Amino acid sequence: MKIKDASVFVTGGNRGLGKALVDEALARGAAKVYATARDPKTITTDPRVVPLHLELTDPASIEAAVAQAPDVNLLINNAGVTLAADLLDGDLAEVRREIEINFFGPLQVTRAFAPRLIANGGHLVNVQSTLAWFAMLGGYAASKAAGWSATNTLRQQLHPHGVGVTGVYAGWIDTDMAAERAAETDLKTPPADVARMTIDAVEAGQHEVLADDWTHLVKNALAADIPTLYPHLAATA
Ligand SMILES: NC(=O)c1ccc[n+]([C@@H]2O[C@H](COP(=O)([O-])OP(=O)(O)OC[C@H]3O[C@@H](n4cnc5c(N)ncnc54)[C@H](OP(=O)(O)O)[C@@H]3O)[C@@H](O)[C@H]2O)c1
């Protein structure tokens with residue numbers, strides 16, 4: 001679909017990749033961008049941007065935000081969190097929270113918007129992560145793997161209705177979320193680059209964005225034996 005004159009809804013549109021997606025959509029001529037945050041005062045004051053409160057763990061908050069955006073034809077599920085809860089002995093409540101924010105919240109947003117996307121000839125973007133395919137950061141990777149699967153299911157379900165679905169997979173993006181990962185600094189992709197690739201993919205009807213070399217490498221290695229991605233698991237016997 002074309003971004004020019006589109007009505008776009010970006011979760012977590014106040015900072016990081018979400019803010020870059022809002023800027024990119026506006027630069028390409030979107031008529032209106034609904035941008036969400038827990039605190040809408042943190043959202044840009046551009047007159048084409050409609051700031052909305054959204055807390056992904058609160059179904060009522062999701063319903064209220066969706067009700068205020070009746071004309072959306074591009075939904076971008078971007079908001080997410082990294083708690084990196086340890087799966088073996090971390091706080092199970094944190095694992096649940098991570099899956100609530102990264103999986104169930106976006107799924108509820110998608111279900112609420114689906115009839116509008118179908119009626120308006122729209123498109124869905126789900127921002128996932130290369131950690132959907134590479135096990136790291138415990139609960140975060142599990143939540144993104146669930147999101148990857150849901151993205152593939154939703155693509156098949158929405159395709160007959162003319163709604164395209166794009167999954168976005170990136171290794172490290174230079175945002176608050178990756179701020180503590182100093183060791184990966186050279187590998188961090190600027191959020192503006194990921195946003196440009198994402199909007200390009202929407203306009204081209206592309207199923208996936210693989211935002212960096214590491215993401216290509218990981219996806220290609222999924223068909224290989226486990227030690228290809230996890231060399232320390234190579235058999236020693
Ligand atoms: N940074 C990376 O290295 C990286 C790599 C691959 C994929 N990603 C994915 O890219 C997406 C954007 O992440 P980012 O890097 O831009 O992270 P970020 O800078 O930490 O921003 C996270 C965004 O999610 C929102 N958010 C967090 N918890 C929320 C909740 N409970 N309810 C509603 N909104 C919530 C935040 O809103 P508030 O301002 O209200 O907190 C913020 O807008 C995420 O899905 C992330 O998993 C990131």
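Visitor: Hi! How far is a polar side-chain atom of Y140 from an oxygen atom of the ligand?

Guide: The distance is 2.6 Å. Keep in mind that this is a predicted model.

Visitor: Okay. And which residues are closest to the ligand?

Guide: Y140 again, along with N14, R38, N78 and T175. In total, 27 residues surround the ligand.

Visitor: What about the backbone, say at G12? How far is a backbone N or O atom there from an oxygen atom of the ligand?

Guide: For G12 that distance is 3.3 Å. G80 has a polar backbone atom too, and that one sits 3.2 Å from an oxygen atom of the ligand.

Visitor: Let's switch to pockets. What volume does the largest pocket have?

Guide: About 1000 Å³. The lining is made up of 40 residues, and A79, G80, V81, T82 and M177 are the closest to the pocket's centre.

Visitor: Which elements give two or more residues to that lining?

Guide: Those are α1 (16–27), β2 (32–37), α3, α4 and β7 (172–173). The largest share comes from α1, with three residues.

Visitor: And how does the lining of the largest pocket split by class?

Guide: You get 19 nonpolar residues, twelve polar ones and nine charged ones.

Visitor: How many cavities of 30 Å³ or more are there?

Guide: Just one cavity reaches that cut-off. The space inside the largest cavity is about 130 Å³.

Visitor: How do you even look for empty space?

Guide: You roll a probe the size of a water molecule over the atoms, and that shows where empty space is left.

Visitor: Neat. Which residues lie nearest the centre of the largest cavity?

Guide: N102, F103, P106, N126 and Q128, out of 16 that line the cavity. The elements giving two or more residues to this lining are α3 (92–119), β5 (123–127) and α4 (139–158).

Visitor: And what classes of residue line the largest cavity?

Guide: Eight polar, seven nonpolar and one charged.

Visitor: New topic: the sheet. What order do the strands come in?

Guide: The order is β3-β2-β1-β4-β5-β6-β9, so to speak read straight across an open sheet of seven strands with parallel pairing.

Visitor: Which strands are at the edges?

Guide: β3 (49–53) and β9 (208–210), each of which pairs on one side only. On average, neighbouring strands in this sheet are turned by 15 degrees against each other, ignoring direction.

Visitor: Back to β3 for a sec. How many bridges does β3 have with β2?

Guide: Five bridges, and the two strands pair in the parallel sense.

Visitor: Which residue in β3 does A37 stand opposite?

Guide: A37 stands opposite H53.

Terms used:
Residues numbered from 1 in each chain as written. Predicted model: local features only at pLDDT ≥ 70, side-chain atom pairs only at ≥ 80, totals over all residues. Heavy atoms only, no water. 1 Å grid on protein atoms, 1.4 Å probe; cavity = no way out; pocket = protein on both sides within 12 Å on 5 of 7 lines; lining within 4 Å. Points joined across faces, edges and corners; volume = space filled by probe spheres on them. Helix = DSSP H or I, 4+ residues; strand = E, 2+ residues; numbered from the N terminus. Nonpolar A, V, L, I, M, F, W, Y, C, P; charged D, E, K, R; others polar. Pairing = 2+ DSSP bridges. Axes fitted to C-alpha atoms, helices over the stretch in contact; angles between N-to-C directions. Near = heavy atom within 4 Å. Polar contact = N/O pair within 3.5 Å; in protein donor to acceptor, adjacent residues only side chain to side chain.
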